[in-house]
Amino acid sequence: MVEQFGAELWLSDGPIVTGAAGFRFPTRMAVIRLPNEGGLWVWSPVALTQDQRHAVDALGPVRHIIAPNSLHHTYLADWATGYPDAVVHAAPGLEEQIAGTSIHSTLGDPPDPAWANTIEQVIVPGNRITTEVVFFHRPSATVLVTDLVQQIPQGWYRGWRAVVARLDLMTAPVPSVPRKFRMATTDKTASRDAVRRILEWPAERLVMAHGAPLGSGGQQALRHAFRWLMR
Ligand SMILES: [Fe+2]
């Protein structure tokens, strides 16, 4: 179900996906409607069901499909096939063979002119797991973060995975950078420079691919999540 979360911003939960070592993840995509007939901008798309398609189509034409890091590509090919006129944009490091679809544009630090007046973006380098592109949607004051900050509900995992998830801070009581991403940050200077720009955004809302969205306090939540890097 697609639900409005802010001005010209909608969220939709997708089915659970299973990642490395059998960890199951809740998934969420965001849809932003660009001004001036700019069409829809679809971030981290979840499974493209008939219901999903009807709900999205009711908002406008899909023009941009975004893979915000090299890990979130599971449904990219389905969306690219379903919306052949849309431009597929991917974070650096996602290869076409892995994504199973053509990538028309690699995301950089300067936003694409198609959304530069509406959405800002920062590439977070220096991380061995993935290079993530974090976005800020100005009209709704929302930061969109994929895997770098997570807050999977406590009780989501059972047994040994619950222990690992707790120690990794995937299921911490507040949005957190999982420890595996902290340890994978081998170039802290590069990461810090990028995160500093993210923390300057006047974020009210915070959307995570894996965690309940925050309707307020987004900037404070991000500053708290990145304290380990910025101090
Ligand atoms: Fe993820």
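**Close-up views of a predicted model**

**View 1. The iron ion is held by donors spaced as H-x74-D-x62-H along the chain.** This is a predicted model, and our tour starts at its metal site. The protein donors of the iron ion are the NE2 atom of H72, an OD atom of D147 and the NE2 atom of H210, and they lie 2.0 to 2.1 Å from the ion. Two of these donors make a pair that links distant parts of the chain: D147 sits in the loop between β10 (142–145) and α4 (159–167), while H210 sits in the loop between β11 (205–208) and α7 (218–225), 63 residues apart. Are D147 and H210 buried or exposed? Both D147 and H210 are buried.

**View 2. The largest pocket holds about 520 Å³ of space.** Its lining is made of 25 residues, and the ones closest to the pocket centre are G19, F25, L71, D147 and H210. If D147 and H210 look familiar, they are also among the protein donors of the iron ion. Which elements supply at least two residues each to this lining? They are β3 (24–34) and α5 (179–183). The largest share comes from β3, with 3 residues. By chemical type, the lining of the largest pocket divides into 13 nonpolar, 8 polar and 4 charged residues.

**View 3. A salt bridge joins the side chains of D13 and R28.** The separation from N to O is 3.0 Å. Here D13 belongs to strand β2 (residues 9–18) and R28 to strand β3, so this pair ties together parts that are 15 residues apart in sequence. The two partners also make a nice contrast in accessibility. D13 counts as partly exposed, at 45% relative accessibility, whereas R28 is buried, with a relative accessible area of 11%. The strand that carries R28, β3, is worth a second look in View 2, where β3 gives 3 residues to the lining of the largest pocket. For the wider picture, the structure holds 8 salt bridges, and further ones appear in the next two views.

**View 4. Within helix α1, D57 forms a salt bridge with R53.** The closest N and O atoms of this pair are 3.5 Å apart. How many residues separate D57 and R53 in helix α1 (residues 50–57)? They are 4 residues apart, about one turn of the helix. D57 counts as partly exposed at 34% relative accessibility, and R53 is partly exposed too, with a relative accessible area of 25%.

**View 5. Within helix α6, R196 forms a salt bridge with D193.** In this pair, the closest N and O atoms are 3.2 Å apart. Both residues lie in helix α6 (residues 188–200), with a spacing of 3 residues, about one turn of the helix. R196 is partly exposed, with a relative accessible area of 40%, and D193 is partly exposed as well, at 41%.

**View 6. The largest nonpolar core brings together 25 residues.** Inside this core, the residues with the most contacts are V134, V143, V149, L222 and F226. Two or more residues come from each of β8 (119–124), β9 (132–137), β10, α6, β11, α7 and α8 (227–230). Which element gives the most to this core? That is α6, with 4 residues, and this helix also carries the R196 and D193 pair of View 5. As general background, nonpolar side chains tend to be buried together in soluble globular proteins.

Technical notes. Residues are numbered from 1 along each chain as its sequence is written. This is a predicted model: local features need pLDDT of at least 70, side-chain atom pairs count only at pLDDT 80 or more; totals for chains, interfaces and linings use all residues. Side-chain values use heavy atoms; hydrogens and water are left out. On a 1 Å grid over the protein atoms alone, a cavity is a set of points where a 1.4 Å probe fits but cannot get out, and a pocket is an open set with protein on both sides within 12 Å along at least five of seven lines; lining residues have an atom within 4 Å of a point. Grid points are joined across faces, edges and corners, and a volume is the space filled by probe spheres set on the points. Ala, Val, Leu, Ile, Met, Phe, Trp, Tyr, Cys and Pro count as nonpolar, Asp, Glu, Lys and Arg as charged, and the others, Gly among them, as polar. A salt bridge is a side-chain nitrogen of Lys or Arg within 4 Å of a carboxyl oxygen of Asp or Glu. Buried means under 20% relative accessible area, exposed over 50%, partly exposed in between (1.4 Å probe, protein chains only). Donors are N, O and S atoms within 2.8 Å of the metal (3.2 Å for Na, K and Ca); water is not among the atoms, so sites may look incomplete. A nonpolar core is a set of buried Ala, Val, Leu, Ile, Met, Phe, Trp, Tyr and Cys residues joined through side-chain atoms within 4.5 Å.
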